[in-house]
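Work through the exercises below with the sequence and coordinates open. Try each task before reading its solution.

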Amino acid sequence: MRNICFTFQMHAPYRLKRYRFFDIGQDHYYFDDLQTEDQIVWLAQNSYLPLVNTLNEMIKMSRGKFRCGIAVSGVLLELLQQFAPEVIDAMKELATSKAVEFVATPYAYSFASEYSETEFEHQLKREADIIQQLFDQKPTTFWNTELLYDDALAAHIAKLGYKAVMTEGAKHLLSWKSPNYVYQSVAGKSLKVLLRNAALSDELSFHFSDPKWYNFPIDAEKYAAQIASIDGEEPVINLWMGADTFGIRQNAGSGIFEFLKALPFYMIEREIGFLTPGEAAKKIPASDVLSSPYPTTWCGESKDLSAFNGNDLQQEALQKLYAVAERVRMCKDIALRRDWYVLQSDDHFLFMNHIDPGHTHYESAYAAFINYMNVLSDFLLRVEEQYPTTIENEELNALLKTINNQEKEIAHLEAELKAARKHAPKAEEVKAKKEEVKAKVEAKKAKVEAKKAAPKKAEAKKPAEKKVTKKKA
Amino acid sequence: MKALMFGWEFPPHILGGLGTASYGLTRGMAEQPDMDITFVIPKPWGDEDQSFLKIIGANSVPIVWKENSYDYVKQRMEGKMSPEEYYHLRDGIHYDYRRIGTDDLGCVGFSGRYPDNLIEEIGNYEAVASVLAHALDFDIIHSHDWLTYPAGVFAKHISGKPLVIHVHATDFDRSRGNVNPTVFSIEKRGMEEADHIMCVSNLTRRTVIEKYGINPAKVSTVHNAVEPLKDLDSFHKTPRKDKVVTFLGRITMQKGPEYFVEAAARVLEKTDGVRFVMAGSGDMMNKMIDLVAKRGIADRFHFPGFMRGRQVQEMLAESDCYIMPSVSEPFGISPLEAMQVGCPSIISYQSGCAEILSHAIKTDYWDIDAMADAIYGIVKYPALYKSLSELGMEEVNNIRWYDAGLKVRAIYDKVLAERR
């Protein structure tokens, strides 16, 4: 029996406000709340809420046969909680149905995996925490930012306990292989690799309502037939797309929601089942080892990171940002740490792309760069205030360790002192005794002195004679 | 294809963008194998490059019949024209221009600049054009800027050949809305009589259509370009402690110099290590010096005066940033010249060159905050400087006069085809 694995990915960034260089050092609030709220509400109303409601319906109607994954970033969850909590409620319903797996993405949807290992681990932990807190699930599948994957990443997340990692079924990764199989990562059996079927996924995302598309119009029956026509041996077809496919890229008028709702009927009819990514990794044995020596993403033609770090502007911004990663982690300022996450979202760097900046609100890549760097300059000033850059990181760590140790030492001594003080009443007795002994000693001394005084007079001459003889010699 | 062009300036004795554009365009067109250009200017100095076109000085064209011996003509016209040519042109005199003061050869003098009696000179130029229209053989007439429109129109009426006019600027740009009625009427007549109008930017094209009421089908845009620098390696940037931000152009209302001063004051409020240069001269120069003093930034603001020839590129090469906050710029070749030597540029949305440049920072001319922010960015963030410098140079090297020349040729062909 063949299977389909649907996964819907959600992320939206905080919008930066227009931040001029003269705000640096004065204004520490970087975000345009109005625009951010506008954007989130629009996304929620047009896409997220209808999609999640549709999924809930589909699960109920198919009595749990329809299963899928959802990959949502922590930053978006924060924003939804603030501006569109009804989406969170609907997602909680998805969680209780037990037919939906919440896949972990880096908390800030950032490229921390490429620039700072500790930061990356930190974000994964935070993401796992929020998913546990909101949806009572512990994530075991990982969707890195923009489906970024390379062998180094595999080693890292296998160590962190993830069982499956998702990435793009790019030609340069697969060559002749098919994305419809489950593969094993280079990190060993514990970590499986799932690959997106780009052709079938993009057909929905980009071409669903395009009259020039060869397959137009696409309906559920046709699509199911297409899937059914794939070789029966291929165990899982991964249809992963941005959640904004439903309602934004393809607006509701195109019929995309009805299409989705109808799919389970046609699939089940043809004996095609549904799996969550975690289930796919668990149930289907790996057919081969897949290696990705260089970073692969689902972006653009080249399917790599070049859209985000290909030009000078992006590289400088990323470098300046991650140079302070360690220092930020040592800061305790809550506002600072929250800003740190938000500034890492990959969208900021996409806007600095000269050729294809996505849904940018900036007039040009240069405007995006200037705005971001002004904000970053102020951020760096705040970090500098807490941990000046004149001290090197190791030195800083060493100093901190010493301070820590000394603190421990002081704590220890204080405890001792406390314990010692507990026996305080005895001290007075001891004192009294001491006085007694002292008195006795004094008395004895006086006696000895008196005795010494008499014979001393007699011996007085001898020492003098002795001296004289010595001199002669 | 023989083109008779009427112009007013030609390098090296230029006063503004018109001369640079005239040279660049004709150079670009001359690369077409069958292009034959005759370029008329009021007063050539004799050191113009005539390797790719023929220059005729309007002050050497007789408009009143005077009898002179061959040797006398040869002696007087030494270096300018052969006696045969003089006699041939003299045969083209068909009207009575004795009311115009002429010299012993029957030629009228021109200043070669923009004097107070400009309207009179334009009339005299028209007279010269009539002689040339009778005497010369050509396929099409091409008039550059309003000063030469009457000449072009007259030549068209006489010869029956089509007229194409090139709008390098309109009085609306120059006067920021307060047009001179005489100039306006000359411009409008020229536009109406022309068979086709070429503008240097979409901005100018819109002005022509909207303010002069011309049929849009008759108006096209041919963007200017920039002459490639042969000796790029000879320009270098001296390493110095302070960054230099430069404004280079006529210090006049149209160029928005006061916005530059205000932006500079903004930047200097927050940073030091930056110096500002306003190179050029103009009617607002003294006012700017006063404004600089009033803002208290006179120690970081410099006025080097008019820059000539190579000095321009040297100044640009030494700068870290070039800014052109023009209120209304029909095209603006100077940002391209800056980008050619790797100097990042900030231009206003209200300039024609903003239509074709993507590797320059654009702001509105009145948005002082945005300009100051951009200056700060270029000065403080090395990646921004590097991107603008490298990608800008690459972009500008692909903007060539040859392509503009091809567009002009296409228009010539179209106009001639319509005639038949």
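Four exercises follow, each with a worked solution.

Residues are numbered from 1 along each chain as its sequence is written, with chains lettered from A and ligands numbered from 1 in the order in which they are written. This is a predicted model: local features need pLDDT of at least 70, side-chain atom pairs count only at pLDDT 80 or more, and totals for chains, interfaces and linings use all residues.

**Exercise 1. Find which residues of the largest nonpolar core touch the most other members.**

Start with the term. A nonpolar core is a set of buried Ala, Val, Leu, Ile, Met, Phe, Trp, Tyr and Cys residues joined through C-beta atoms within 7 Å. Buried means that 20 or more other C-beta atoms lie within 10 Å of a residue's own, with C-beta atoms placed from the backbone; exposed means 12 or fewer, and partly exposed lies in between. Now take the 250 residues of the largest core: A:V165, A:A317, A:F369, B:M371, B:I375 and B:L384 touch the most other members. Helix α17 (residues 365-386) of chain A gives the most to this core, with 12 residues. Helices (H or I, at least four residues) and strands (E, at least two) are DSSP runs, numbered from the N terminus.

**Exercise 2. Trace what surrounds A:A317 and its helix.**

Contact means C-beta atoms, placed from the backbone, within 7 Å. Leave aside neighbours within four places in sequence. A:A317 then contacts A:F349, A:M352, A:F369, A:Y372, A:M373 and A:L376. A:A317 is one of the buried residues of helix α13 (residues 312-322) of chain A; A:L313 and A:L321 are among the others. The buried residues of α13(A) pack against α4 (112-115), α12 (306-309), α16 (347-350) and α17 of chain A, and also against α14 (382-397) of chain B.

**Exercise 3. Place strand β9 (residues 274-279) of chain B in its sheet.**

Check burial: six of its six residues are buried. One side holds B:V274, B:F276 and B:M278; the other holds B:R275, B:V277 and B:A279. In a regular strand the side chains alternate between the two faces of the sheet. Next, pairing, which needs at least two DSSP bridges. Strand β8 (residues 243-248) of chain B runs parallel to β9(B), joined by six bridges. B:V245 has B:F276 as its bridge partner. Strand β10 (residues 301-305) of chain B also pairs with β9(B) in the parallel sense, over three bridges. There, B:A279 stands opposite B:G305.

**Exercise 4. How many residues does each chain give to the contact?**

Chain B gives 15 residues and chain A gives 13. On the chain B side, α13(B) (368-380) gives the most, with five residues.

Technical notes: Two residues are in contact if their C-beta atoms, placed from the backbone, lie within 7 Å.
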